[in-house]
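Me: I have a model open and would like to learn how to read it feature by feature. Can you walk me through it?

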Amino acid sequence: MEKKIEHLKQRPALETIAPNFGHSYTYKKYDENHRNNFTSWHYHPEFELVYVNGGAGKRQIGSHVSYYRDGDLILIGSNLPHCGFTDKLTGNKSETVIQMKLDFLGNDFFNIPEMAKIQELFEISKSGIAFYGKTKTKVGEKMEIMEYQSDFQRLLSILNILNEEYKVLNADGFAMKSEVKDNDRINVVLNHVKTNFKDDIPLEEIADKVSMTVPSFCRYFKKITNKTFTQFVNEYRLVHASKLLAEQPISITEVCYESGFNNFSHFNKSFKAFTGQNPSEYRNQLKADLHKWIRSLLKISIFNCQMLKSVIIPTF
């Protein structure tokens, strides 16, 4: 009994967000000197737009788990549980966060015809939205520039950003409504996987955690996440493997077993099906991207040095 109570305490924490006086939204900018330390599993009624400038890391949003590279830009719907997206190993330059409630511009503002696209975006964001390609770069730059804008300019920038193209993360979504009785049940499952994914997790074990029969649990989990429990666990393991390949100088065999797989051939096959590359190709691509990034930084540094020399006034 005590063990079950302990798991229930691991449900997403409600984060209370209070905009600064005179503001209807929250804007935060983090960097290596001021890190975002709120990384635990949590939710809040506010919509959240997050831009991670560079780096690579894990995103866990609702029932979706994946590994991003070269930064990330995501819109998280109201009350959608998620973890933080950066830590000391992410390698990002900065992280920008905008948080606002649906009625942050008044109860009826988004009901006017001109706001129909944004209203649709808010509805889809219940599942989590990933911005990608040129959109990610363009919107990310707009978000970072907001640091130097006036309050009114920031407001216009937010509305402009919400008109961009998007890509859905969760097919059917996993919105966390605080009044739904099943919240504790699904979060016991997700937290158990997060803690024990390196070990075998029999269906009987996880079904017992939530006091259900195996058939009932399988139907329940598929309905909530649009995935089978086995598929969810394998995806979690593959995302962890992606993180190890990017961040740890260990062999691919070690990555396989550290991620909860006990068959190397099955790991290779599953990883390629999940990412489109086998583990070796994936790691080599990461190295190539890193070298490309370093070369670009060196070119910028050399150019800046040359420019500095050209403007130095000689002293006599």
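Reply: What follows goes from the whole chain to helix packing, a pocket, buried strand residues and backbone angles. Keep in mind that this is a predicted model.

Me: Start with the whole chain. How many helices and strands are there?

Reply: The chain has 11 helices and 10 strands. Of its 316 residues, 44% count as buried. Then look at contacts with a sequence separation of 6 or more: residues 24 or more positions apart account for 72% of them.

Me: Now helix packing. At what angle do H8 and H10 pack?

Reply: Take the angle and the axis distance together. Helix H8 spans residues 229–247 and helix H10 spans residues 264–275. They pack at about 90 degrees, with axes 10 Å apart. Angles of 65 to 115 degrees count as roughly perpendicular, so that is the label for H8 and H10.

Me: Which residues of H8 meet H10?

Reply: From H8 come Glu235, Leu238, Val239, Ala241, Ser242 and Leu245. Their partners in H10 are Phe267, Ser270, Phe271, Phe274 and Thr275. By class, the contact has seven nonpolar, three polar and one charged residue.

Me: On to pockets. What is the volume of the second largest pocket?

Reply: About 380 Å³. After the volume, read the lining. Twenty residues line this pocket, and the closest to its centre are Lys58, Cys83, Gly84, Asp87 and Lys243. Strand E5 (57–61) and H8 are the elements that give two or more residues to the lining.

Me: How many of the lining residues are nonpolar, polar or charged?

Reply: Five are nonpolar, nine are polar and six are charged.

Me: Strand E5 also holds Gln60. Is Gln60 buried or exposed?

Reply: Use relative accessible area, where under 20% means buried. Gln60 has 3%, so it is buried. Next, list its neighbours beyond four places in sequence. Gln60 touches Trp41, Val65, Pro81, His82, Cys83, Lys194 and Tyr236. One of these, Cys83, is also among the residues closest to the centre of the second largest pocket.

Me: What about Asn53: buried or exposed?

Reply: Asn53 lies in strand E4, residues 47–53. Its relative accessible area is 15%, which means that it is buried under the 20% cut-off. Now compare sequence with space. Asn53 and Asn92 are 39 residues apart along the chain, yet their C-alpha atoms are separated by 5.6 Å. Asn53 touches Asn92, Lys93, Ser94 and Glu144, leaving out residues up to four places away.

Me: Apply that reading to His42. How far is His42 from Glu15 in sequence and in space?

Reply: They are 27 residues apart in sequence and 6.5 Å apart in space, C-alpha to C-alpha. His42 is in strand E3, residues 42–43. With a relative accessible area of 3%, His42 is buried.

Me: Last topic, backbone angles. Why look for a positive phi?

Reply: Because most residues other than glycine have a negative phi. Two exceptions are worth locating here. Asn79 has a positive phi of about 60 degrees although it is not a glycine. Asn79 sits in the loop between strand E7 (72–76) and strand E8 (94–100).

Me: And where does Ser211 lie?

Reply: Ser211 is in the loop between helix H6 (203–209) and helix H7 (214–225). Its phi is positive too, about 55 degrees, and it is not a glycine.

Me: Is Ser211 buried or exposed?

Reply: Exposed, at 58% relative accessibility. The cut-off for exposed is over 50%.

How values were computed: Residues are numbered from 1 along each chain as its sequence is written. This is a predicted model: local features need pLDDT of at least 70, side-chain atom pairs count only at pLDDT 80 or more; totals for chains, interfaces and linings use all residues. Side-chain values use heavy atoms; hydrogens and water are left out. Axes are lines fitted to C-alpha atoms, for helices over the stretch in contact, and angles run from 0 to 180 degrees between N-to-C directions. Helices (H or I, at least four residues) and strands (E, at least two) are DSSP runs, numbered from the N terminus. Angles under 35 degrees count as roughly parallel, over 145 as roughly antiparallel, 65 to 115 as roughly perpendicular and the rest as oblique. Contact means heavy atoms within 4.5 Å. Ala, Val, Leu, Ile, Met, Phe, Trp, Tyr, Cys and Pro count as nonpolar, Asp, Glu, Lys and Arg as charged, and the others, Gly among them, as polar. On a 1 Å grid over the protein atoms alone, a cavity is a set of points where a 1.4 Å probe fits but cannot get out, and a pocket is an open set with protein on both sides within 12 Å along at least five of seven lines; lining residues have an atom within 4 Å of a point. Grid points are joined across faces, edges and corners, and a volume is the space filled by probe spheres set on the points. Buried means under 20% relative accessible area, exposed over 50%, partly exposed in between (1.4 Å probe, protein chains only).
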